[in-house]
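Hi,

Here is the structure I promised to send over. Have a look at it first, and my notes follow underneath.

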Amino acid sequence: DSVEGGALLSALHARTHHGDAAVAHLAQHVLAETSQPMFVMLKRWLLRGEVRDHHNEFFIASASSAGGRGDQPYYLWHERFVLNERMLPSFISATTAEKVLVVGKTITFLNTACDDGAWLRELDTRHVPLARRADEMLVYATTTSAAISPLVRSIGACVSRQLLQLLVGPRYRLGDHLAALHRYVLLAQGDFVTFLMDLLDQHFGDDDDTLIADALTPSFSARKRRHRERRATTIRNKYGDVASSLYRHNLLGILETAVRSTNAQFDSADVLARLDIRVLDAPWQDNGLGSDEPRATMMRERYAAKRRAEQRQQQRRATAAAAE
């Protein structure tokens with residue numbers, strides 16, 4: 001079968017271990033010459049994040065940017081570039097190839113998604129020793145994978161450091177956004193969360209925790225299952241109407257009130273601009289209230305029992321207070 005590119009280099013590399021010294025020496029000489037284009041592409045990828053492979057012979061493949069997604073960050077990182085294992089020369093290990101892929105993807109991400117091309121243009125001038133090492137080390141040798149691994153690590157450390165400085169710096173402020181996730185998604189901003197829940201409770205009205213807990217609690221007896229099904233039907237009929245009346249602009253008004261009335265108002269404008277409301281489609285038949293089997297997806301049996309016990313205790317306290 002005809003082979004080409006990295007597959008051809010692997011075939012030649014296998015001949016370098018031939019028992020005949022003359023054949024092995026000839027294979028090494030041919031391989032040193034034929035591998036030069038691959039190492040030129042490898043250097044361009046490691047220092048520029050570019051793939052110029054018109055004949056699909058390099059072990060880094062560039063997918064077509066169909067649908068205009070070529071500059072989108074997610075597509076750029078996860079789908080744009082992949083390893084073509086068939087073209088990976090046998091003298092470069094899979095581990096080294098993965099590191100090579102990540103280095104080039106990071107450079108491309110910096111240049112395209114982060115628009116940090118100025119740093120890329122200065123890479124050669126600011127890191128002359130690194131570029132010189134690339135010229136010296138990106139040649140064929142019997143220990144090629146072990147020889148280029150330190151170079152890949154050095155370039156990777158340099159590129160990763162630049163990306164990290166950019167992300168945590170004043171331009172993207174990754175630390176601020178992680179802190180915002182902790183406050184708002186993980187509910188660490190207690191005053192905001194409490195006030196928001198109070199507003200939502202006023203907006204939606206009745207407190208039906210007992211009804212929901214009873215409907216969600218797994219039950220194995222036929223009588224209890226029928227009772228739970230009636231509860232679930234009541235929830236569907238009641239809260240189905242509530243869900244159909246949810247409007248994003250109303251919820252946004254509640255969110256804005258909660259922000260302005262709590263310490264959340266002192267957050268940066270960039271963080272507050274990202275607080276948003278999404279109304280998702282959630283059919284009742286997909287929410288775990290079905291009667292075909294015991295479900296504890298939305299509320300574990302232990303938690304449901306604990307909630308019912310707490311509510312009964314609150315009711316007893318309320319009854320005792322009313323009697324007094």
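Let me start with R173, which is partly exposed, with a relative accessible area of 28%. Keep in mind that this is a predicted model. R173 pairs with D270 in a salt bridge, 3.4 Å from N to O. That pair joins distant parts of the chain: D270 belongs to helix α15 (residues 269-273), while R173 sits in the loop between α9 (144-168) and α10 (174-185), 97 residues apart. D270 is partly exposed as well, at 26% relative accessible area.

R173 also forms a salt bridge with D176, where the closest N and O atoms are 3.9 Å apart. That distance just makes the list, because the cut-off is 4 Å. D176 has a relative accessible area of 38%, so it counts as partly exposed. Put R274 with these three and you have a network of salt bridges: R173, D176, D270 and R274.

Another pair to pull up is R248 and D276, whose closest N and O atoms are 2.7 Å apart in a salt bridge. R248 is in helix α14 (residues 248-260) and D276 is in the loop between α15 and α16 (301-323), so this bridge ties together parts 28 residues apart in sequence. Both partners are partly exposed: R248 has a relative accessible area of 41%, and D276 comes in at 44%. The salt bridge count is 8.

Now the nonpolar side. The largest nonpolar core has 37 residues, and M38, L42, W45, L46, F58 and F59 touch the most other members. The elements giving two or more residues to this core are α1 (5-15), α3 (36-48), α5 and α9, with α9 supplying the largest share, 8 residues. If you want one residue to click on, try F58: beyond its neighbours within four places in sequence, F58 is in contact with M38, M41, L42, W45, D53, N84 and M87. There is also a second, separate core of 14 residues, which includes A180, L255, V259 and V271.

Last, helix α5. How far apart should the ends of its 19 residues be? At 1.5 Å a residue, α5 (residues 94-112) should span 27 Å, and the end C-alpha atoms are indeed 27 Å apart, so the two agree. Buried positions in α5 include T96, A97, V100, L101, V103 and G104. The list carries on through K105, T106, I107, T108, F109 and L110, which are buried too.

Cheers

Terms used: Residues are numbered from 1 along each chain as its sequence is written. This is a predicted model: local features need pLDDT of at least 70, side-chain atom pairs count only at pLDDT 80 or more; totals for chains, interfaces and linings use all residues. Side-chain values use heavy atoms; hydrogens and water are left out. Helices (H or I, at least four residues) and strands (E, at least two) are DSSP runs, numbered from the N terminus. The expected span of a helix is 1.5 Å times one less than its number of residues. Buried means under 20% relative accessible area, exposed over 50%, partly exposed in between (1.4 Å probe, protein chains only). A salt bridge is a side-chain nitrogen of Lys or Arg within 4 Å of a carboxyl oxygen of Asp or Glu. A nonpolar core is a set of buried Ala, Val, Leu, Ile, Met, Phe, Trp, Tyr and Cys residues joined through side-chain atoms within 4.5 Å. Contact means heavy atoms within 4.5 Å.
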